[in-house]
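Reader: I would ask for a close look at a single part of this structure, the second chain as it is written. Please set out its fold in a connected account, and then place it beside its partner.

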Amino acid sequence: MLQTLVNGLIAGSLLAVPAIGFSAMFSVLAYPNFAIGALASVGAYAGWLVNSQWGWPLPAAFAAAFLIAGMVAALAERVAIRPLSQAGALMMAIASLAIGLILENLLRFGFGNDLRNFDLPIARDLRIGELRIGPQQIDNVVIALVTMILLWLFLRRTWLGRSMRAVADNPDLARLKGVDPERVALIAVLIGGGLCGVGGTLIGLDTSIEPLTGPRLVLSVFAAAVLGGLGSIPGAVLGAMLIGLVEELTVLELAPTYRTASGFLVILLVLTFRPSGLLGARRA
Amino acid sequence: MLNYLGFILVLGGIYALLAQSLMLSWGVTGMVNLGLAGFFALGAYASAMLTKWGGAPVPVGLLAAIVAGGVAGLVVTISTLRLRDDYLALVTLGFAETIRLVAANEVWLTGGSDGISGIPSPFPRDLGAGFNGLYLVLVSVLALLALAALNRLISSPWGRALRAIREDQTVAAVAGKPVTRIKAEAFGIAAAIAGLAGALYGHYTSYIAPDMFEPLITIYVFLAVTAGGNARPLGALVGAYGLIVFVEGTRFAAALAPGISAVQAASLREIAVGLALLLLLRFKPAGLFPERSQKAPIR
């Protein structure tokens, strides 16, 4: 039972990174970006190339994952999605779905469907009483936490971060104050996409990488973001932790294959009874 | 060759039904269904299980698929009817994934990832080309019926209410339209049509498995409906046949490309589908048959 709890929290902290990315993009851009799964895969492959092909250490792999996934997301936003803004949020969401399909298949074209693994030293699990934790899992949690703290500092302490929150809150008012919403939107996509890339790399380190590594994650990410309240960043963290726990419990009590289906159930329940989520603003 | 042509046309008819479904919910009402593949799968499984294991005649199976699709449509929409439309997109996406998981894992119910084979068909299969011909007539008639029915529905007062809701829910509500009920009805009908398409698919191929109902199918239908015109039944029909030609065309084109593996060829085809959808959304969002503005009837 304790093991399940720990596993759930570990899974949750990994999930929190892309969930924050998704929620941050939603709050600034006002449409759900369905390319997050493919972006996570893009980041995972970038990290894998740097780490196991070039032999660079993991921090460099994470930086590459963040930058590449973020730039791909920003490019897609600029070239393909933003021009549809007149047609409404739904059109942009559908376009992001097409972007996701294209990215996933570009990866498949370049790397095939084979499973890829990071170059990791083999290490024994740590044992604390009955508990077993892999050292890499601890590293992953630390990396996830550091990412979240950096993002929090960025949003609270920098001018750019504050203008991002301002645009999310009220774009018109932000514009009056001299904030350029276009630029802020692009930076939000860069960061959001980058976080998805880091999330994909974390999952890749935990398991292995293939083009569907990211897309498989999508339902859990949505569930975390909806449970926490779409657009709320603390909500995404809390939601991800809870979804991590729920999924581990599902594995324990039901069947491992229903891990993601429990996420869907959570989405249905939350939207039916408390659509604003746990920490979301009261406007749905 | 004749058999291949028959197969293409039957598939086109099945996609035409899926396209009518998406046209009604997305194009006319503004409710995005990203889980179309899930309703398609649900219909296929409902009818296959009932006819293969329950021994029911095929028409009963088709009816059951319609009911199953419609009921699932209502269940999925109920949680999001009062919310912004992008929540429905999230829920339907999750729905399709969950259906696929259940189909792949509940072996006692669905045969698991082996799928269901030997699904009965309404006509004897040993007719060969005759079977293809008869099935083509059946699918085409149903697709045309759906087209005619939706044409009538859309030009009815109910259809006008749908468009009013798409343009502005608040205004529609102020005008006294029961917005939530009408939205649920539209989505339910649309999902029922997708269920029927699924059943027809299963009875035609005689074999279904969870892998067949991947999210790519949903994107295919978005491509078809966007190309044809997303608020016109005729547009959806033409778009669906156009889609099949396009998809089969990419198959031949990929076979011609030198020096690439099968996996690479498949990924190139999917990239072509994604690019085509992006380009249409950007440069020809109204499609081949744009929506006509309807004048109010003179009293």
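Author: In chain B of this predicted model, 77% of the contacts with a separation of 6 or more are between residues 24 or more positions apart. Contact here is a matter of C-beta atoms, placed from the backbone, that lie within 7 Å. The secondary structure behind these contacts comes to 12 helices and two strands in chain B. Along the sequence, the elements of chain B follow the pattern α-α-α-α-α-β-α-α-α-α-β-α-α-α. Thus five helices are written before the strand in that pattern, four helices stand between the two strands, and three helices close the chain. The radius of gyration of chain B is 19 Å, close to the 19 Å that the globule rule gives for 299 residues, so chain B is as compact as a globular protein of that length. Taken along the principal axes, the C-alpha atoms of chain B fill a box of roughly 55 × 50 × 35 Å. Of the 299 residues in chain B, 51% are buried.

The partner, chain A, may be described in the same terms. Its secondary structure comes to 11 helices and two strands, and the order along chain A is α-α-α-α-β-β-α-α-α-α-α-α-α. In chain A the two strands follow one another in the pattern, with four helices before them and seven after. For chain A the radius of gyration is 18 Å, close to the 19 Å that the globule rule gives for 284 residues, so this chain is as compact as a globular protein of that length. The box filled by the C-alpha atoms of chain A is roughly 60 × 45 × 35 Å along the principal axes. Buried residues account for 54% of the 284 residues in chain A. Among contacts in chain A with a separation of 6 or more, 75% join residues 24 or more positions apart.

There remains the interface between the chains. Here 34 residues of chain B are in contact with 37 residues of chain A. On the side of chain A that touches chain B, the elements giving two or more residues are α4 (89-111), α9 (218-228) and α11 (259-273) of chain A. The largest share of that side, 14 residues, comes from α4(A). By class, the side of chain A that touches chain B has 30 nonpolar residues, six polar residues and one charged residue.

Key: Residues are numbered from 1 along each chain as its sequence is written. Chains are lettered from A and ligands numbered from 1 in the order in which they are written. This is a predicted model: local features need pLDDT of at least 70, side-chain atom pairs count only at pLDDT 80 or more; totals for chains, interfaces and linings use all residues. Two residues are in contact if their C-beta atoms, placed from the backbone, lie within 7 Å. Ala, Val, Leu, Ile, Met, Phe, Trp, Tyr, Cys and Pro count as nonpolar, Asp, Glu, Lys and Arg as charged, and the others, Gly among them, as polar. The radius of gyration is taken over C-alpha atoms; the globule rule is 2.2 Å times the number of residues to the power 0.38. A residue is buried if 20 or more other C-beta atoms lie within 10 Å of its own, exposed if 12 or fewer, and partly exposed in between; C-beta atoms are placed from the backbone.
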